Structures are given as C-alpha cells and as structure tokens.
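Thanks for coming. I have one structure to go through today, so let me put it on the screen.

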Amino acid sequence: MLNGIPPVLSPRLLMAIDEMGHGDEITITDGMYPQMGMSDVVIRADGLGVPELLRAIVQFMPLDHYNDWQYGLMATVGDDPRPSIWDTYAAIVAERDPDARSTEFERFAFYEYARHSHVTVVTSETAQYANIILRKGVVLA
C-alpha cells in the first residue's frame, strides 16, 4: 500500500499504467468481455466495477488531447438503449478533464481496436456496454 494511491489500483495495474507512453491505451472491460478483444496483457480486477477503476485511473493518468477523442466506448447494437453507465463515465472523466471527448466503436471494431491496447483490465462490472478505452496523454512535469 502507498499513501494517496486508491486501493483499487493493484501494484500490477499501477506498473502497467506507469509503463504506458503517450498515446498508449488501456481498455477497462465489464465481466462479460470476450477473450477475442483482449490485449496481450490482461489484469483481473475481480470484485470491482468499471466506474471505481476509471475514477482511480484518471486521477493519475492524463488523457491524450493530441487525438480527436480521449476515451472510446462500444456502440450499442440494434435497438439496445444507450447505457446509463456512459453518463457515469462522462461525469467521472469531466471531474479531471472537462474537455475530454468520447467516440463510439461498432462492437466488433471495438474488440479489434482494443486488442492493441497496452493492457486490458477485466472487472466484475455487470452493466451492458460498460467497456471503455482510455488513451494516455502527456505527463507534464
């Protein structure tokens, strides 16, 4: 344990975030996420939901404003309703980065894109379409 570090950030996850460079991405997934969309590095965060991990991560990791979007979501399929958890994500991100913009990826395009993330973090989140990709920005001294 370290002072000031949220306990939801495991040592392995902290190391993965620290190893990321500008423009690298982290995918945080719900508990139903398929293996086909996972990167080579997978960290389990069993018992945690996406919002609590997202809040902890954006506290320390700036988002990339050299890109058109700072976080990506999986678009809904067919007549599925817009997930309310997206509003939670937008509020969490806006607390740290009010200018952050999102984008949506079609379901299979999301899986393909997310495979190239630096790390995939699998949570126990039960909300549908609760997956999110964050693009790391420049850490300014």
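**Helix α1 and its surroundings**

This is a predicted model, and I will start with helix α1, residues 11–19, where the buried residues are L13, A16 and I17. Why do they sit on the same side of α1? Because they cover an arc of only 95 degrees around the axis. On the other side of α1 we have P11 and D18, which are exposed.

What do the buried residues of α1 pack against? The list is β1, at 25–29, then β2, then α2, at 50–60, and β5.

Two of those strands deserve a further word. β2 covers residues 42–45, and its side chains alternate. I43 and A45 point to one face and are buried. V42 and R44 point to the other face and are not buried. As for pairing, β2 runs parallel to β5, residues 119–123, and four bridges join the two strands. If you want a register point, take R44 in β2: it stands opposite V122 in β5.

Last item, the surface. Which residues form the nonpolar patch there? They are Y66, V138 and L140, and together they have about 390 Å² of accessible area. To place one of them, V138 lies in the segment after β6, which is 132–135. V138 counts as partly exposed because its relative accessibility is 37%, and partly exposed covers the range between the 20% limit for buried and the 50% limit for exposed.

That is the tour; I will leave the model up for discussion.

Key
Residues numbered from 1 in each chain as written. Predicted model: local features only at pLDDT ≥ 70, side-chain atom pairs only at ≥ 80, totals over all residues. Heavy atoms only, no water. Buried < 20%, exposed > 50% of the residue type's maximum accessible area, 1.4 Å probe, protein only. Pairing = 2+ DSSP bridges. Patch = residues over 30% accessible without salt bridge, like charges linked within 9 Å, V, L, I, M, F, W, Y side chains within 5 Å. Areas by Shrake-Rupley, 256 points an atom, 1.4 Å probe, with all protein chains shown as cover. Salt bridge = Lys/Arg side-chain N within 4 Å of Asp/Glu carboxyl O. Arc of directions from axis to C-beta. Contact = heavy atoms within 4.5 Å.
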